[in-house]
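Me: I would like to learn how to read a model like this, one feature at a time. Where do we begin?

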There are 2 protein chains.
Amino acid sequence: MADLARELGVSMTTVSRALSDHHSIGPATKQRVLKLAKKLNYQPNHLASALRRGQSRLLGVVVPYIEGKFFPAVIQGIEHAASKAGFSVIVCQSHEEVQLERRNVETLLHAQVAGILVSLARNTQEYQHFDKVRSRGIPLVFFDRIPGAGQVDAVVLNDQAGGFQATSHLLAQGRRRIAHLAGPPRLNIYSQRRQGYLDALATYGIPPDDDLIIYSDMTVDDGAQAMRQLLARPAGRPDAVFAAGDSAILGALQELKAQGLRVPDDVALVGFSNESFTAITEPQLTSVDQRCEEMGQAAVRLFLELAAAPEAPFVQRQVVLEPKLFIRGSSLLPAPVGVG
Amino acid sequence: MADLARELGVSMTTVSRALSDHHSIGPATKQRVLKLAKKLNYQPNHLASALRRGQSRLLGVVVPYIEGKFFPAVIQGIEHAASKAGFSVIVCQSHEEVQLERRNVETLLHAQVAGILVSLARNTQEYQHFDKVRSRGIPLVFFDRIPGAGQVDAVVLNDQAGGFQATSHLLAQGRRRIAHLAGPPRLNIYSQRRQGYLDALATYGIPPDDDLIIYSDMTVDDGAQAMRQLLARPAGRPDAVFAAGDSAILGALQELKAQGLRVPDDVALVGFSNESFTAITEPQLTSVDQRCEEMGQAAVRLFLELAAAPEAPFVQRQVVLEPKLFIRGSSLLPAPVGVG
DNA sequence: GCATTAAGCACAATCGTTTATGCTTTGGAC
DNA sequence: GTCCAAAGCATAAACGATTGTGCTTAATGC
């Protein structure tokens, strides 16, 4: 910048202001500065600028993990929206550990990020590590997995609606004894999905049966094991299963096949997340899609709103996206006539 | 830091030096400083430090995409190794577009990263955008997909060995007419895998047949289409297929099933990447594992070496990891007696 | 007792920006 | 002609750390 100033015979003040389009600089001067800046291939030092203004153009993101389809797709949406707004994105994984989540938040604060986007780790139960973020006036947006208590800005899927759609679909297919593989109810997403399941049953006047709800961490193995339990129920096996995650429903499918049962003839299946592997199992798995990219974009939008009004009094803002059921073979009525 | 200095009645110099364990500070003073720093919960401003030293603790990573298993796992390894060394990681996606790749590199340079780790986009053919990185003295490490020309530091898989193992395995199973679904040969990984395939054939004295090698972008659809072409070959269908990617081999599998052919009885299949879905297809897919996490860690180690000797004359360093074949149902000899 | 040396620390410049403040100039209103 | 406002720009102080240089003090050698 000093070079620019010397070359043009003006002060660095003028150069800086010209580049940031300040009102007190004449249009003629601005033009000259911009032109020379281009010519000399001037690269602003974002560090210095961030230091001086106490604010960088970095956006921090904390997710539990980046395997599977959901989080990469959300990050994708975040990156897209962020880069449009001139922000770069730092991604950190908590590996479902609150300790790592805490460290990640620290790291991001040290990197002087302009904002933090978080999806909680499974075992996060207290939220003090986010107080520091707030107290520094840094915008904080939660997405998908949000704190159970307290007022926060967040983007979530309407998980209840997702569970409701999934279960209603099974009911509409004539299934009546529908089991549910639920995730840790501490996480909003899982309790909501379960709620949707219960609501759908209620709509059909079917009383919920606690024996048909099995809680787990929703891995493939968990799903298989849960299915084993369900098949062993003395009251008889369910005629359908709705799992709050696709991995679990995959496990269930594998277990059913292992036991020689047919899907969907004997047991219909519906999962959650619309993972890409749902299209390659046999039969393909019906699943609830989560609007991943929109979620990422919405989170960034929310962040930008918060960043635009730094001193505004806190008003809780929540964006709710609507899920969409993708119906595939695992839940469709079996053909009326002779199926192998 | 000023607070610390005032409180202790020493200068900021002393505080700074005590914190960075400088030799000219007495052990007693160091202790006092460290203790108070902890007590006051002092958080160093990395920006300021980066500005002053012209070097940050950020590591930039550019990958083509983050779906699937490979890149997330590599990033995982990078994060792990980087955080151990006190670095944070910024991840950018090029979406297989050289333009975006260029922009990502610019972004990272603006963020004043300490180093850049790159896996090339599919259509990157010229490498000028990396010259700027070098000329600024910023360590640059390529991994997996590396430039075809020029001297670079890189971590790669021994893709040739992977192709060789895969093809040798098929040959050992008695297959003789082995097709290959190849990726864009411009990318080192794909040309190497093909080379391994050819080398294995040569070992068995089998002349390569150009009709059995089909080039594509290796999507599921590409794989299915390639399989269709292969099945229509007048010279007769192949008895095995080795694809340079798992998506393509999945497409091939689906096409074979659609045409009523049995795997592995009629056609044996081997893929590349050991994607997680290889375990859920029927039959499960044999595939070459790429040591993803090790690759990430190795890339970081290489970066650290380069960063440690900033002014050292350039010596090309290449780390080569050995792949490992995971054998599953899609390539195993059919049981000698009656299989449905 | 004096010179020499090393240890321990402070001063002040520096990294590349931003920005509060204030100065000069110009044009217009009266 | 005087006064005022606005436009256009410069001066210099930040932001929060690092670091070359030099000062003081005490220990050592002779």
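**Reading the model**

Me: How do the residues of the surface near DNA strand D divide by class?
Reply: Into 10 nonpolar, 11 polar and 4 charged. Keep in mind that this is a predicted model.

Me: Which residues are closest to DNA strand D?
Reply: Start with the full set, then pick out the closest. Here 25 residues surround the strand, and the closest are A:S11, A:G26, B:M1, B:N45 and B:A48. Next, ask for the elements. Those giving two or more residues to this surface are α2 (12-19) and α4 (46-53) of chain A, together with α2 (12-19) and α4 (46-53) of chain B.

Me: And DNA strand C: which residues come nearest to it?
Reply: Use the recipe again. Of the 25 residues around DNA strand C, the nearest are A:M1, A:N45, A:A48, B:S11 and B:T14. For this surface, α2 and α4 of chain A and α2 and α4 of chain B give two or more residues each. Its classes are 10 nonpolar, 11 polar and 4 charged.

Me: Now the two protein chains. What turn lays chain A on chain B?
Reply: Superpose the copies, then read the turn and the shift. A turn of 180 degrees, with a shift of 0.1 Å along the axis, lays chain A on chain B with an RMSD of 0.3 Å. That is the relation of a two-fold axis. In chain A, A:I90 has the C-alpha nearest the axis, 2.2 Å from it. Both copies use the same surface: 100% of the contact residues of chain A recur in chain B.

Me: How many residues does the contact take from each chain?
Reply: It takes 25 residues from chain A and 26 residues from chain B. Now look at the side of chain A that touches chain B. There α4, α5 (70-84), β2 (88-93) and α6 (98-110) of chain A each supply at least two residues. The most come from α4(A), with 5 residues. By class, this side has 14 nonpolar, 8 polar and 3 charged residues.

Me: How should I read the nonpolar cores?
Reply: Start with the general idea. In soluble globular proteins, nonpolar side chains tend to be buried together. The largest nonpolar core here has 94 residues, and A:V61, A:A299, B:V61 and B:A299 have the most contacts inside it. Try B:A299 on the structure. Beyond its neighbours within four places in sequence, B:A299 is in contact with B:I78, B:L117, B:V141, B:F143 and B:V155. There is also a second, separate core of 84 residues, which includes A:L250, B:I249, B:V267 and B:A268.

Me: Take one residue, B:Q192. Is it buried or exposed?
Reply: Count the C-beta atoms around it. The cut-off for buried is 20 or more others within 10 Å. B:Q192 has 21, so it is buried. B:Q192 is found in helix α9 (residues 188-203) of chain B. Not counting residues up to four places away in sequence, B:Q192 touches B:D159, B:Q160 and B:G163. B:A244 is 52 residues from B:Q192 along the chain, yet their C-alpha atoms are separated by 9.7 Å.

Me: Last point: into which domains is chain A divided?
Reply: Domain 1 (2-44), domain 2 (55-157 + 292-318) and domain 3 (159-290 + 326-331). For domain 2 and domain 3 of chain A, check distance, then contact. Their C-alpha centres lie 30 Å apart. In contact are 11 residues of domain 2 and 11 residues of domain 3. The side of domain 2 that touches domain 3 has 4 nonpolar, 3 polar and 4 charged residues.

Technical notes:
Residues numbered from 1 in each chain as written. Chains lettered and ligands numbered in written order. Predicted model: local features only at pLDDT ≥ 70, side-chain atom pairs only at ≥ 80, totals over all residues. Near = placed C-beta within 6 Å. Helix = DSSP H or I, 4+ residues; strand = E, 2+ residues; numbered from the N terminus. Nonpolar A, V, L, I, M, F, W, Y, C, P; charged D, E, K, R; others polar. Least-squares fit on C-alpha atoms with pLDDT ≥ 70 in both. Contact = placed C-beta atoms within 7 Å. Core = buried A, V, L, I, M, F, W, Y, C linked by C-beta atoms within 7 Å. Buried ≥ 20, exposed ≤ 12 C-beta atoms within 10 Å, placed from the backbone. Domains from an automatic or database assignment.
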